[in-house]
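Me: I should like to understand the reasoning behind the terms used for this model. Please set each value against its definition.

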Amino acid sequence: MVRQLDQVSPEVADLARRAQRVAVLTGAGISAESGVPTFREVQTGLWERFSAADLATVEAYEADPARVWTWYRWRQSLIRQVDPNPGHTALARWQKALRQTGGELSIVTQNVDDLHERAGAEVLGHLHGSIFAHRCFECDAPADVPAGNYNGWQPPDQPEEPPVCAACGSGTLRPGVVWFGEMLPMETFDAAAACIRAADLVLVVGTSGMVQPAASLPLLALERGAPLVEINPEQTELSEVMDYSLRGPSGQLLPQLVDSAR
Ligand code: OAD
Ligand code: ZN
């Protein structure tokens with residue numbers, strides 16, 4: 001039975017205190033309080049007629065490379081202009097504390113931003129790649145491109161053409177993220193699965209649980225009966241397998257949880 005709570009209860013605090021191997025799966029919601037829009041929010045300006053899901057596909061890039069490229073450039077600049085929030089820093093703090101006593105906290109994220117790292121945490125894997133990495137759409141050669149640098153949050157008026165790949169001279173560059181319908185990096189997925197299987201507490205933070213196969217990872221905790229705790233202001237696709245659902249923003253609840261683990 002799922003217990004829904006609006007704050008960390010003594011039972012949840014107890015789980016956190018006893019856990020030595022914590023696995024955390026994060027999604028767009030953990031970065032929402034930093035000001036990075038999640039994938040389900042309505043968009044404005046250049047992409048007003050498109051949902052994020054419409055832009056994050058091979059087909060969208062093939063149909064209009066400049067539109068998709070510019071959308072990612074804009075998200076890059078936005079991410080560079082924001083800071084990690086108390087949810088990110090709480091996880092970094094807990095990771096350090098556990099390591100000092102021989103434990104481990106592994107972060108597996110669906111986010112393509114670098115806010116966990118900037119908060120001082122080490123990330124086991126970015127399941128959906130990184131927005132700051134680039135490669136050729138045709139030949140896959142990695143390419144170094146400085147991140148987008150738009151002024152403020154306003155989407156640019158005009159789309160920007162993606163640069164041509166220096167390696168093959170014909171393909172254009174794309175962001176190093178996983179688009180809908182593409183394979184996840186296998187090694188990262190396997191490492192994430194192994195750490196969730198080995199965990200004695202699994203936290204699922206700020207993810208709608210709608211995008212597979214990432215959303216299936218927490219279910220691996222059920223094999224060994226490790227407790228599952230969700231932090232999300234809304235009900236999600238994963239809520240029903242949770243032991244506890246903490247209903248609220250992760251920027252408030254994660255620091256509470258981490259403080260209660262001491
Ligand atoms: P979604 O945008 O699908 O879901 C965001 C979740 O965050 C929702 O469940 C919100 O309720 C929750 N949320 C919002 N504010 C929050 C807060 N302050 N604290 C905690 N939670 C909050 O994001 P993901 O589940 O990460 O994939 O989406 C998964 C994947 O779909 C993304 O990685 C991306 C996307 O399309 C690719 O780019 C391939
Ligand atoms: Zn190329």
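Me: How do you know where the largest cavity lies with respect to domain 1 and domain 2?

Reply: This is a predicted model. Domain 1 (1–35 + 84–128 + 184–262) and domain 2 (37–81 + 130–177) both contribute residues to the lining of the largest cavity, so the cavity lies between them. The lining includes A28, S31, Q110 and D113, as well as P37, F39, R75 and I79. By class, the lining residues comprise six nonpolar, three polar and two charged.

Me: What makes this space a cavity, and how many cavities of 30 Å³ or more are there?

Reply: A space is called a cavity because a 1.4 Å probe fits there but cannot get out. One cavity of 30 Å³ or more is counted, and the largest cavity holds about 90 Å³ of space.

Me: Where does the largest pocket lie, and how do you know?

Reply: The same argument applies. Domain 1 and domain 2 both give residues to the lining of the largest pocket, so the pocket lies between them. Its volume is about 700 Å³. The lining has 37 residues, and A28, T38, F39, R40 and S208 are the closest to the centre of the pocket. In this lining, 16 residues are nonpolar, 16 are polar and five are charged.

Me: Why is the arrangement around the zinc ion (ligand 2) called tetrahedral?

Reply: The donor atoms are the SG atoms of C136, C139, C165 and C168, at 2.3 to 2.4 Å from the zinc ion (ligand 2). Four donors count as tetrahedral if all angles lie between 85 and 135 degrees. The angles here are 105 to 116°, so the arrangement is tetrahedral. For comparison, the ideal angle for four tetrahedral donors is 109.5 degrees.

Me: What makes C136 and C165 a link between separate parts of the sequence?

Reply: The donor residues follow the spacing C-x2-C-x25-C-x2-C. C136 belongs to strand 5 (residues 129–136), whereas C165 is in the loop between strand 6 (142–143) and strand 7 (173–177), so the pair ties together parts that are 29 residues apart in sequence. C136 also has R174 at 6.0 Å, C-alpha to C-alpha, although the two are 38 residues apart in sequence.

Me: Why are C136 and C165 called buried?

Reply: The term buried requires under 20% relative accessible area. C136 has 0%, so C136 is buried. C165 has 5% relative accessibility and therefore also counts as buried.

How values were computed. Residues are numbered from 1 along each chain as its sequence is written. Chains are lettered from A and ligands numbered from 1 in the order in which they are written. This is a predicted model: local features need pLDDT of at least 70, side-chain atom pairs count only at pLDDT 80 or more; totals for chains, interfaces and linings use all residues. Side-chain values use heavy atoms; hydrogens and water are left out. Donors are N, O and S atoms within 2.8 Å of the metal (3.2 Å for Na, K and Ca); water is not among the atoms, so sites may look incomplete. Four donors count as tetrahedral if all angles lie between 85 and 135 degrees; four count as square planar and six as octahedral if opposite donors are over 155 degrees apart and all others between 65 and 115; anything else is irregular. Helices (H or I, at least four residues) and strands (E, at least two) are DSSP runs, numbered from the N terminus. Buried means under 20% relative accessible area, exposed over 50%, partly exposed in between (1.4 Å probe, protein chains only). On a 1 Å grid over the protein atoms alone, a cavity is a set of points where a 1.4 Å probe fits but cannot get out, and a pocket is an open set with protein on both sides within 12 Å along at least five of seven lines; lining residues have an atom within 4 Å of a point. Grid points are joined across faces, edges and corners, and a volume is the space filled by probe spheres set on the points. Ala, Val, Leu, Ile, Met, Phe, Trp, Tyr, Cys and Pro count as nonpolar, Asp, Glu, Lys and Arg as charged, and the others, Gly among them, as polar. Domain bounds come from an automatic or database domain assignment.
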